[in-house]
Protein chains: 2
Amino acid sequence: MDIRDVAQHAKVSIATVSRTINGVPTVDKELARRVWAAIEELNYFPNTQARALVSGRTRLFGLLVSEITNPFFPELIQGFEEVAVENGYEILIGSTNYDPERMSLCVRRMIERSVEGVAVMTFGVEQPLLEELASRRVPMVFVDAGPPGELVRPLLVDYRKGIHEGVQHLAVLGHREFGYISGPLRHRSSQLRKAAFLEALETIGVTPRKDWIVEGDHTLEGGMQCMDAMLAAGSLPTALLCSNDMTAIGALRVLNKAGLRVPEDVSLIGFDDIHLAEFVNPPLTTVRMSRNDLARAAFNALRSIAEGQELSGQPRTWRVPTALTVRQSTGYPRGTDAVGKKKRVKK
Amino acid sequence: MDIRDVAQHAKVSIATVSRTINGVPTVDKELARRVWAAIEELNYFPNTQARALVSGRTRLFGLLVSEITNPFFPELIQGFEEVAVENGYEILIGSTNYDPERMSLCVRRMIERSVEGVAVMTFGVEQPLLEELASRRVPMVFVDAGPPGELVRPLLVDYRKGIHEGVQHLAVLGHREFGYISGPLRHRSSQLRKAAFLEALETIGVTPRKDWIVEGDHTLEGGMQCMDAMLAAGSLPTALLCSNDMTAIGALRVLNKAGLRVPEDVSLIGFDDIHLAEFVNPPLTTVRMSRNDLARAAFNALRSIAEGQELSGQPRTWRVPTALTVRQSTGYPRGTDAVGKKKRVKK
DNA sequence: ATGAAAGCGCTAACAA
DNA sequence: TTGTTAGCGCTTTCAT
């Protein structure tokens with residue numbers, strides 16, 4: 001069953017059917033009505049392959065993620081799927097699992113299916129693969145980084161705001177001893193978060209202590225290891241920020257096991273605000289980066305490049321906001337008399 | 001850049017290029033070599049749209065899930081993606097979010113993109129939508145249920161084995177007081193699990209207590225509510241099985257908050273063995289249903305229908321195994337002297 | 001074993 | 001405003 005059947009049924013030419021479906025305004029109302037009726041009756045769906053072939057537009061975007069089983073990504077995918085479908089696009093998901101070979105395969109799949117753009121949401125990025133895409137003039141968006149290019153846009157996450165809010169929040173509670181478990185520093189986004197943290201400390205006039213700043217890997221296991229190490233080293237800050245929630249949850253687990261209470265002994269702040277953050281014990285105070293905002297920014301950026309909508313001449317900048325979500329993993333520093341409503345720092 | 005460029009480059013006809021790419025055996029070795037060289041040099045990828053249009057085969061499968069943010073599904077998706085890609089297929093993911101309207105939209109998307117089959121992995125199933133697919137002769141697979149049909153196959157999960165193992169394990173430890181938090185009983189898979197549980201109790205000669213058998217909804221929140229209710233009701237079994245891990249984790253959380261210890265006060269068994277199960281405290285004993293096995297079964301079943309490989313005449317049956325994974329949420333019943341290595345039940 | 005050519009279902013340029 | 005027609009890039013007869 002194809003466009004010809006519809007045309008026949010509606011007693012018009014196939015061109016009229018095509019025009020009707022595509023919303024060309026010059027179609028006569030009456031004819032359009034007949035066409036829609038025929039479509040309805042026959043339960044006709046246009047053939048996407050044929051459409052794509054002739055128009056050169058697949059209405060397909062690639063979405064490259066690090067690891068679909070990391071809770072961060074399904075939330076991102078959900079948001080992306082939603083906007084994409086709203087706008088008549090489909091998405092091709094590729095999960096690289098931190099493996100360059102799989103990443104390469106993903107890129108290949110995207111090219112083979114002629115995606116009109118790729119959102120690169122992986123933590124690490126392999127240069128050569130992106131050149132493959134760039135050479136085929138496939139638009140791309142990246143989080144934070146990404147080589148600038150005619151068809152490439154970065155999504156700028158406002159780490160500073162959220163992390164400053166977190167540090168400020170702790171400072172107000174009376175904290176002066178801060179620790180930080182970063183993400184893997186080979187990743188730009190980990191660097192940016194850490195830099196934002198250090199900058200925030202400076203703002204409140206606290207000098208960072210080297211042994212309280214360690215490098216994790218953004219996994220739960222990594223968070224546990226870092227916390228174990230810090231505990232073994234003997235001294236503990238009163239407040240600990242983590243580069244993502246999984247790390248914070250790992251740290252939390254180790255603290256609990258060691259008989260230390262959160263937030264009474266140590267205040268803990270994560271980053272991302274994954275769903276799980278709300279359900280650990282105690283619920284995690286964290287810097288929220290909305291996966292939905294990120295997904296929408298990625299989609300809109302991609303679409304505006306793909307559809308050549310950047311009329312204004314210079315490419316638009318896409319920003320993703322962050323904000324502190326206060327839950328129950330932060331409190332007064334240990335040794336503080338915290339009975340009253342107002343903070344009363346010992347010293 | 002298209003097949004003609006390759007043909008020209010290799011000084012052969014486009015037909016030969018096509019044959020070479022598709023592995024038609026009659027192609028002369030030397031010509032094939034030239035073709036591959038040209039493909040390599042030009043960095044040529046066949047156009048999937050054109051291929052699909054002429055061959056009628058999209059090499060696309062739909063994967064319908066309930067909610068991509070439920071940790072069960074990403075693991076399933078990962079497995080499905082892996083097999084699919086290995087076999088040159090792509091997948092179109094549709095997340096219904098338990099919303100019939102979204103489900104309907106998903107089905108529409110699948111049809112529009114001409115998927116060659118749909119794996120329906122959602123918990124609930126809307127009859128009419130499946131008829132839409134069936135009427136277009138789209139092969140389908142279902143977990144547990146699914147109306148039989150020429151192009152429809154059920155994936156039979158062996159709930160009984162895993163759940164019997166779980167109950168047996170508890171019985172050996174000395175438990176005689178069993179509770180069960182089921183999934184939503186409007187779903188066939190919840191019914192089957194519960195039936196398997198009751199059957200297992202019968203096997204060990206224990207009569208189920210009605211007030212210890214409650215209906216949950218397979219969410220963490222639901223598990224918490226059920227546990228709260230059971231606690232409020234006053235009496236508690238010594239062992240509690242849950243219809244899935246999220247439920248068990250919810251129950252665990254409430255138990256912990258109430259000052260009850262697992263497994264000292266209550267033994268707990270989940271179902272699914274999601275990644276998280278290993279990382280809660282204590283690590284959860286659970287019945288493992290491998291998402292990978294399930295995904296592979298779904299893919300293979302779909303493929304064998306789509307490619308008409310069921311030579312044997314009668315459709316093949318696809319089974320998915322389950323097995324108990326013992327961790328640390330199960331132990332001797334409370335009130336038992338469990339100091340020795342051997343079990344020593346009081347009575 | 002290879003090539004020429006028809007045609008998959010659709011859009012868009014052109015003609016009427 | 002509508003219809004006729006060329007062709008998107010490929011696979012697959014059919015003829016050689």
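# Two DNA strands, two chains, two sheets

Visitor: Of the atoms of DNA strand C within 4 Å of the protein, what percentage belongs to sugar or phosphate?

Guide: The atoms of DNA strand C within 4 Å of the protein that are not in sugar or phosphate belong to bases. This is a predicted model, in which local features need pLDDT of at least 70 and side-chain atom pairs count only at pLDDT 80 or more, while totals for chains, interfaces and linings use all residues. Residues are numbered from 1 along each chain as its sequence is written, chains are lettered from A and ligands numbered from 1 in the order written, and side-chain values use heavy atoms, without hydrogens or water. The sugar or phosphate part comes to 67%.

Visitor: How many residues surround DNA strand C, and how do they divide by class?

Guide: A residue is near a strand if one of its heavy atoms lies within 4 Å of it, and 25 residues surround DNA strand C, with Ile3(A), Tyr44(A), Thr16(B), Arg19(B) and Leu31(B) the closest. Ala, Val, Leu, Ile, Met, Phe, Trp, Tyr, Cys and Pro count as nonpolar, Asp, Glu, Lys and Arg as charged, and the others, Gly among them, as polar. The division is 13 nonpolar, six polar and six charged.

Visitor: Which residue has a side-chain N or O atom 2.3 Å from a phosphate oxygen of DNA strand C?

Guide: A polar contact is a pair of N or O atoms within 3.5 Å; within protein, one must be able to donate a hydrogen and the other to accept it, and residues adjacent in sequence count only if both atoms are side-chain atoms. A polar backbone atom of Asn47(A) is 3.0 Å from a phosphate oxygen of the strand, and one of Thr26(B) is 3.3 Å from a sugar or linking oxygen. The side-chain atom at 2.3 Å from a phosphate oxygen is that of Tyr44(A).

Visitor: Which element gives the largest share of the surface near DNA strand C?

Guide: Helices (H or I, at least four residues) and strands (E, at least two) are DSSP runs, numbered from the N terminus. The elements that each supply at least two residues are α1 (3-10), α2 and α4 of chain A, together with α2 and α4 of chain B. The largest share, four residues, belongs to α2(A).

Visitor: Turning to DNA strand D, what percentage of its atoms within 4 Å of the protein is sugar and phosphate?

Guide: There are 25 residues around DNA strand D, and Arg19(A), Asp28(A), Leu31(A), Ile3(B) and Tyr44(B) come nearest. Among the atoms of DNA strand D within 4 Å of the protein, sugar and phosphate account for 62%.

Visitor: Which residue has a polar backbone atom 3.4 Å from a base nitrogen of DNA strand D?

Guide: Two side chains reach phosphate oxygens of DNA strand D: a polar atom of Arg51(B) lies at 2.8 Å, and one of Asn22(B) at 3.2 Å. The backbone atom 3.4 Å from a base nitrogen is that of Ala50(B).

Visitor: Why is the relation between chains A and B that of a two-fold axis, and which C-alpha of chain A is nearest the axis?

Guide: Superposed by least squares on C-alpha atoms of residues with pLDDT of at least 70 in both, chain A falls on chain B with an RMSD of 0.1 Å after a rotation of 180 degrees and 0.0 Å of shift along the axis. Such a rotation is the relation of a two-fold axis. The nearest C-alpha in chain A, 2.5 Å from the axis, is that of Gln49(A).

Visitor: What percentage of the contact residues of chain A recurs in chain B?

Guide: Contact means heavy atoms within 4.5 Å. The same surface serves both copies, and the recurring part is 100%.

Visitor: Which strands are the edges of the open parallel sheet in chain B?

Guide: Two strands pair if DSSP finds at least two bridges between them. The parallel sheet has six strands in the order β2-β1-β3-β4-β5-β11. Those that pair on one side only are β2 (90-95) and β11 (318-320) of chain B.

Visitor: At what angle to β2(B) does helix α6 of chain B run?

Guide: Six bridges join β1 (residues 60-65) of chain B to β2(B) in parallel, with Phe61(B) opposite Ile91(B). Helix α6 (residues 100-112) lies across β1, β2 and β3 of chain B. Axes are lines fitted to C-alpha atoms, for helices over the stretch in contact, and angles run from 0 to 180 degrees between N-to-C directions. For α6 the angle is about 160 degrees.

Visitor: In the mixed sheet of chain A, which residue is the bridge partner of Gly179(A)?

Guide: The mixed open sheet has the order β7-β6-β8-β9-β10-β12. Strands β6 (residues 178-182) and β8 (residues 239-242) pair in the parallel sense over four bridges. In β8(A), the partner of Gly179(A) is Leu240(A).
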